[in-house]
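Trainee: Could you take one strand of this model and look closely at how it sits among its neighbours? I would like a single connected account.

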Amino acid sequence: MMRRLILIFLMFNAISSIAGIVVHNPEELRKTVLKAKPGDTIVLKNGAWKDAALILNGKGTAKNPIVIRPETPGEVVLTGNSYLQLAGEYLQVMNLHFKDGFTPNRAVISFKTDHKNLANHCRVTGLVIENYSQPQRLKGDTWVILYGKHNRIDHATFVDKLNSGPVIIVELDDERSQANYHRIDSNYFKGRKRFGSNGAETIRVGVSRYSLTPSRTSINHNYFERCNGEVEIISIKSGENKVSYNTFYESEGGLVLRHGSNNLVEGNFFNGNNKLFTGGVRIINPGHKVLNNVFYQLKGTQFRAPLSIMNGVPNSLINRYYQVKDVIVEKNTFIDCTNLLFGAGKDAERTLSPQNVVFKNNLFFSKDSTIYENLNDDNGLKFVDNALSAENIGDLPAGFKKTKVKHLRLKGFELPYDSGYGADLKQISFIEAKNTGASWFHPVVKTAARKGRSFKVSAAQSENFKSYIQQALSGDTIILTDTGYYKMKESIQINKTLMIMAAKNLTKRPILLNATFSSMPAFFIVENGGRLSVENIAFKGTFESFSGVDAGIKSTELPMNRPYYLNVNGCEFYDFNESTQSGIAGSKGTLADSLLVSNSIFHHLSGTGINLASEKDDKGIYNAEIVSITNCVFTNLLGSAINIYRGGNDESTLGPFVTINYCSFNEVENREQGAAIKLIGVQQAKVTNSGFSKCGQGGRSIQFQEYRTDNILVDYCNFYKSGKIESFYNKVAGQHVYTEEPESLKLTTASNSQQPLGASVPLLQSYSY
C-alpha cells in the first residue's frame, strides 16, 4: 500500500512538473518568474488579459530555460494597454496573442525591464500581434525592441502595423547591446499600408549614431508580404549583419543598407510580381556583399530600383551618405525587372561615385539589353563576366555576354538558370507564408452580413439623412431622389464603404446645405478607414441667413491610423465664402490612400477647391498618396483650385502621386503672388490636356518646389492671360505648352441647372497610379 502511494505521489509530481505552475494575473506571473528555477514552466490561465503589464525577470540556463506559455496556444489574449518586458537569461515566452489595443510604452515587447536589466539568451516565439496600433497614425511606438545579446524573435505573425514606428527594432544604444548576435527568423510580416511619411520600416537594425558599431544580427527565413509603409522595408544602420533566405512579396520598397559596413545580403527572393514600386536592394557605405539573390519582376525605380547603389557625400556626417566602396555584387539573377541604378541620389551634395564595386557572374533575363543606368562617368564599377538572355539584343554592355538559359520549375516559378551565371536556385529557400509565423494562428475571414442594398432618401426626409447613413452597412448605397434642397443640421460621419448618389433619372443635382445657425465642419466627414463614393450631388456652402460650412467633404480631425478613400464624380461645390473654406479638404494627421475627383465643378469659392496642405511640419508628411483629378472645371475661385503640400526633404516616401488631366481653370487665384495650382514638394505629378484662362495673373498658374529626381511634367496645356509655370529647376514644361486665346471657353460658371450630371461610377476601389 505504501509503495503504491509513493508511486502515485511521484506520478503526480511528474504531471505537475510537465503541466507547469499556473498563474492568473500579471502580478502573480511576475513573482513566479522571479522565484522560478531553471527548467520551470509557468502557465498563464486562458482568457482575456486586459491592460496587463507582463514584467518578467528570471534566470534559466541553456539546457533548462524558464518557459512562460498560455494553457492553450493563442488563448491568452492581451488587450487594451497590455505589454511585455523581459530581462535576465534564458527565458522563453511562447504563443501569446496581442489584440485590440496599443502599448502605453515605447514598445509592445521589450527585451529589457529597465535600463539596468536587459535580456540575454531570451526568446519570444509563436507570438501574434494584430490590431494593436496607436489611434493616431503619427504617434510612434514599436512592436518589438531587442536589447542585450543573443536574443531571438521567431515564428511570430505581425499583422499590418498602422502607426509610426518600425515593427521590430534592434537597439545598440550601449555596449551591452552591441555585437549582439540576435536572431529574427521565421516570422510572417503580414502587410503594412502606405504610410505617407518616414518611420514606417518593418525592421530597423541600429541608428546612424551607432552605425559604426557591429550588430551581427541575423534576419533570415522571414516572409514579407506587401510591406508598403515606406521606401525602406528593412533598414540596416549598423555593421556585420546577415540578411538571408527571406522572401519579399509585392512589397513597395527594398532592403536598404543605409548605414554601417560589411553587411551580407544572401539567398533572398524578391518577388515583385510586376507590381509598381516593388524594389530590391539599395547600397550605401563600404564593404557589403550581395550574393546569390533572385530579383523577380520588380518594377520600382530610383530608390526602389531592383538594385541601386548610391552616391556619397564628401566629408559626410554620420547620418548622411558615406561613399560606397569595396562592394561585391555576385551570382545574382534579375528576371524581367526595371533597370538597375548606379549613382542613385546624385545631386549637388551627393557627388562621390561608388568605387571598387565588383559586379560579376550575375545573370539577367530581360526583353532587351538596356538593363542598368550609370549616372557617373568613371570606372568605379567593374563589370566582370556577367550574362544576359534577352529577346532583343542590341549592343551588350561591357562585361556582359549573351547566353542561352535553361528553365527550372521551383515552387511554381519557371526560372531561368545558367550554371555559370546568376544565383544557384537550389540554394534559394523560396520561403512561403504558410511556413512562417505562429502555427496556431488562423485568422477569421470576415464576410459581409448581407449583400449591399440601396436606400432612397427624399428631400423631405433630410432630418433622417444621418440615421440612414448610420443604419447602412458597408457596401450599401444611399440614393437621393429629389432635386430640391437637403437641409442638414449636422455633419455626417462616414466610417464604412458607402456610396451616396443622386437618382439616375434626375436632371438637376440634389443640393446639400446647412439649415442651422451654427457653422458645420463639413457635410460629410470621412473617418478612420472610411471609403466614400459620392456621385452627382451639389454642396452649397452658404444658404440664406444660416451659418456656413467649412468644407463639402473633409477627413476627420479625430485620431486616424487607417488611410481613407474618397471618390467624387459629377459633383458641384460652390458658395463657400470664407478664405479658410474648401470644397474638399484633408485634415492634419490623416492620409487618403486614393482621392479621385472626376467630372465635377468647383465655382464661386473664396477658399480652395481641393485643399490637401494641412501638414506643415516639413517632415515629409502629406495628406494623400494618390490624387487623380480628371475632367473637372474650376472657375471664379479667390483661392487656389488645388493645393497639395509635402514639406521637408525626407526621402523615405516617393509620393504624393498627382495627375490633373482634361481640366479647365478660369479666373482662379489672381491675387498678388498667388498660384492657381500649388504642388509644393509633390514628387510625382502630371498636369496634361488642360486649359487655363485668366488664372494666376498675380503670380503663377502652377507652382512647384521639386527636387532633382522628382518626376514632374506639364504638357498639352494652354495658358491664356495666365501666370507662369514656376519650378525650381525650370524643367517641368513639355513641348506642347501654349498661350493662345481659345476658340471658346466652354466653362460652366452659373447655376446648378446648367451643369449636366456626370457619369455613374462603381463603388470606390484602390486607384493604381
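**A strand within its sheet**

Mentor: In this predicted model, strand E58 and strand E61 (residues 633–637) run parallel and are joined by four bridges. One of the contacts here can be named by residue, since the bridge partner of His 603 in E61 is Thr 635. Strand E58 also pairs with strand E55 (residues 572–576), again in the parallel sense and over four bridges, and in this pairing Phe 602 of E58 is the bridge partner of Phe 573. As a general point, strands of a sheet pair through backbone hydrogen bonds, either parallel or antiparallel.

Turning to exposure, four of the five residues of E58 (residues 601–605) are buried, taking buried to mean under 20% relative accessible area, and the strand is therefore largely enclosed by the rest of the structure.

The wider setting is an open sheet of ten strands with parallel pairing, in the order E46-E49-E52-E55-E58-E61-E64-E67-E70-E72. At its edges stand strand E46 (485–488) and strand E72 (737–738), and because each has a single partner strand, one side of each is left without a neighbour in the sheet. Elsewhere in that order, strand E49 (residues 511–514) pairs with strand E52 (residues 538–540) in the parallel sense over two bridges, and the bridge partner of Leu 512 in E52 is Phe 539.

Definitions and conventions:
Residues are numbered from 1 along each chain as its sequence is written. This is a predicted model: local features need pLDDT of at least 70, side-chain atom pairs count only at pLDDT 80 or more; totals for chains, interfaces and linings use all residues. Side-chain values use heavy atoms; hydrogens and water are left out. Buried means under 20% relative accessible area, exposed over 50%, partly exposed in between (1.4 Å probe, protein chains only). Two strands pair if DSSP finds at least two bridges between them.
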